[in-house]
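Thanks for coming. I will go through one chain this morning, sheet by sheet, and finish with a few side-chain contacts.

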Amino acid sequence: VIKCRAAVAWEPGKPLSLEEVEVAPPKAHEVRIKIVATAVCHTDAYTLSGADPEGCFPVILGHEGAGIVESVGEGVTKVKPGDTVIPLYIPQCGECKFCKNPKTNLCQKIRITQGKGLMPDGTSRFTCKSKQIYHFMGTSTFSEYTVVADISVTKIDAAAPLDKVCLLGCGISTGYGAAINTAKVEPGSVCAIFGLGGVGLAVIMGCKIAGASRIIGIDLNKDKYAKAKEFGATECFSPQDFKKPIQEVLVEMTDGGVDYSFECIGNVGVMRAALEACHKGWGVSVIVGVAAAGQEISTRPFQLVTGRTWKGTAFGGWKSVDSVPKLVTDYMAKKIKVDEFVTHTLTFDKINEAFELMHAGK
């Protein structure tokens, strides 16, 4: 058993608490990782808020991490102690019908236990103050050591800077893949991105790499425009700058609508606007943002009858074990941006401050 520090969420709506936790050794087909760097994501904040119907407490959150394998359980063959790895919240077992189908990346092998905050055998590897602590998204990267299933980890280039590539564990890969894999943006396309946080910026990067001719960024926070343009946005504006609904504005300014739109917020009203901003006959709108539990999307069916397509994406459609090492390689070869997504670097004890900066849009 390893004793180390972890940021424990004891109950919803309260700040994280830095505690000493015990991390049990990995069982069969499990891997114990020393986490070197982790990022914070809105999904962590969503669960912490208490709005997540799958949220279990007390829990160690975090799902954008990178580290070094400390030890492996029986039967683990893909990684060994000392390997540089990224934990994966969408695993890739290679055996289930989802893994075998090229159309999806949604491996279901450990979905049920992962959703309950437990390892595949139905137990936890974390204890604190003699209480069982739940796992989160199969990763729990807000701990100096974590245990994951062997299908939820992938080995990457040992030379990669872990304080940067941890972002490929969720945000960057999600946005970039939404443009490249899910929408399959083509050269010359007109694209609109709603929400210019980390995921939205990654969508912009994907659209630019795909050769889009016009990339429109939409966000209420104008402080985000300069960064969006750095990533490839050709113009940015706020819905508040107009009297009419944003979809009508976009249809007018793009001669009938955009070819591709992306909702990167998790707001069902914006999801509707994003679909309705698409061009008749071929426009595709991709939902990237995760809406709160119980919310529903709506539009007039005629929007779809007249040739618009509504799609969703999880982790950018990447089959995780196979794709994440390649994304790291692309970053090392300067084909995709990663460093530019990092706004602040804080020590572990400042994790609550990191959430405050995220909520402030900084």
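**Aromatic pairs, sheets and the helices on them**

I start with a single side chain: Phe315 is buried, with a relative accessible area of 2%. Before going further, please keep in mind that this is a predicted model.

Phe315 belongs to one of the aromatic pairs, and the structure holds five of those. Its ring and that of Tyr89 have their centres 5.5 Å apart and their planes at 75°, so this pair is edge-to-face. Tyr89 sits in the loop between strand E6 (84–87) and helix H2 (97–100), while Phe315 sits in the loop between strand E16 (309–312) and helix H11 (320–332), so the pair ties together parts that are 226 residues apart in sequence. Tyr89 is buried as well, at a relative accessible area of 15%.

The second pair I want to show is Phe237 with Phe242: ring centres 5.2 Å apart, planes at 80°, so edge-to-face again. Is Phe237 buried or exposed? At 7% relative accessibility, Phe237 counts as buried. Phe242 is partly exposed, with a relative accessible area of 33%.

One more ring before the sheets. Phe231 has Lys337 over its face, at 5.8 Å from the ring centre.

Now the antiparallel sheet. It is an open sheet of five strands, in the order E9-E3-E5-E6-E10. The edges are E9 and strand E10 (153–155); each has a single partner strand, so one side of each is left without a neighbour in the sheet. On average, neighbouring strands here are turned by 45° against each other, direction ignored.

Within this sheet, look at strand E3, residues 30–39. Why do I call E3 largely enclosed by the rest of the structure? Seven of its 10 residues are buried, so that description follows. On one pairing, E3 runs antiparallel to strand E9 (residues 145–149), with five bridges joining the two. On another, E3 pairs with strand E5 (residues 64–72), also in the antiparallel sense, over eight bridges. Lys34 is a useful residue for finding your place: Lys34 stands opposite Tyr145 in E9 and opposite Ile68 in E5. From Ile68 you can step on to the next strand, since Ile68 stands opposite Thr84 in E6. E5 and E6 run antiparallel and are joined by two bridges. Helix H11 packs on this sheet, where it touches E6 and E10, and its direction makes about 40° with that of E10.

As a general reminder, side chains in a regular strand alternate between the two faces of the sheet.

E3 also matters for the next element, helix H1, residues 42–49. Which residues of H1 are buried? They are Asp44, Ala45, Tyr46, Thr47 and Leu48. The cover over the buried residues of H1 includes strand E1 (2–9), E3 and helix H12 (351–359). Just after H1 comes Gly50, which takes a positive phi of about 95°.

A word on annotation. UniProt, in an unreviewed entry, lists residues 28–156 as "domain: Alcohol dehydrogenase-like N-terminal". In the model, that span is 13% helix and 30% strand, and its end C-alpha atoms lie 22 Å apart.

That leaves the parallel sheet. It is open, with six strands in the order E13-E12-E11-E14-E15-E16 and parallel pairing. At the edges stand strand E13 (235–237) and E16, each with a single partner strand, so one side of each is left without a neighbour in the sheet. Neighbouring strands in this sheet are turned by 20° against each other on average, direction ignored.

For one pairing in detail, take strand E11 (residues 190–194) and strand E14 (residues 260–263): they run parallel, and four bridges join them. The residue opposite Cys191 is Tyr260 in E14.

Two helices on this sheet are worth pointing out. Helix H5 (residues 171–183) lies across E14, strand E15 (284–287) and E16, and runs at about 135° to E14. Helix H9 (residues 268–276) packs on the sheet too, touching E11, E14, E15 and E16, and its direction makes about 175° with that of E14.

To close where I began: Phe315, in the loop between E16 and H11, pairs edge-to-face with Tyr89. E16 is an edge strand of the parallel sheet, and H11 packs on the antiparallel one. That is all I have; questions, please.

Definitions and conventions: Residues numbered from 1 in each chain as written. Predicted model: local features only at pLDDT ≥ 70, side-chain atom pairs only at ≥ 80, totals over all residues. Heavy atoms only, no water. Buried < 20%, exposed > 50% of the residue type's maximum accessible area, 1.4 Å probe, protein only. Pairing = 2+ DSSP bridges. Phe/Tyr/Trp six-rings, centres within 6.5 Å; stacked < 30°, edge-to-face > 60°. Lys NZ or Arg CZ within 6 Å of the ring centre and 35° of its normal. UniProt positions renumbered as here; feature names shortened; annotations may be inferred. Axes fitted to C-alpha atoms, helices over the stretch in contact; angles between N-to-C directions. Contact = heavy atoms within 4.5 Å.
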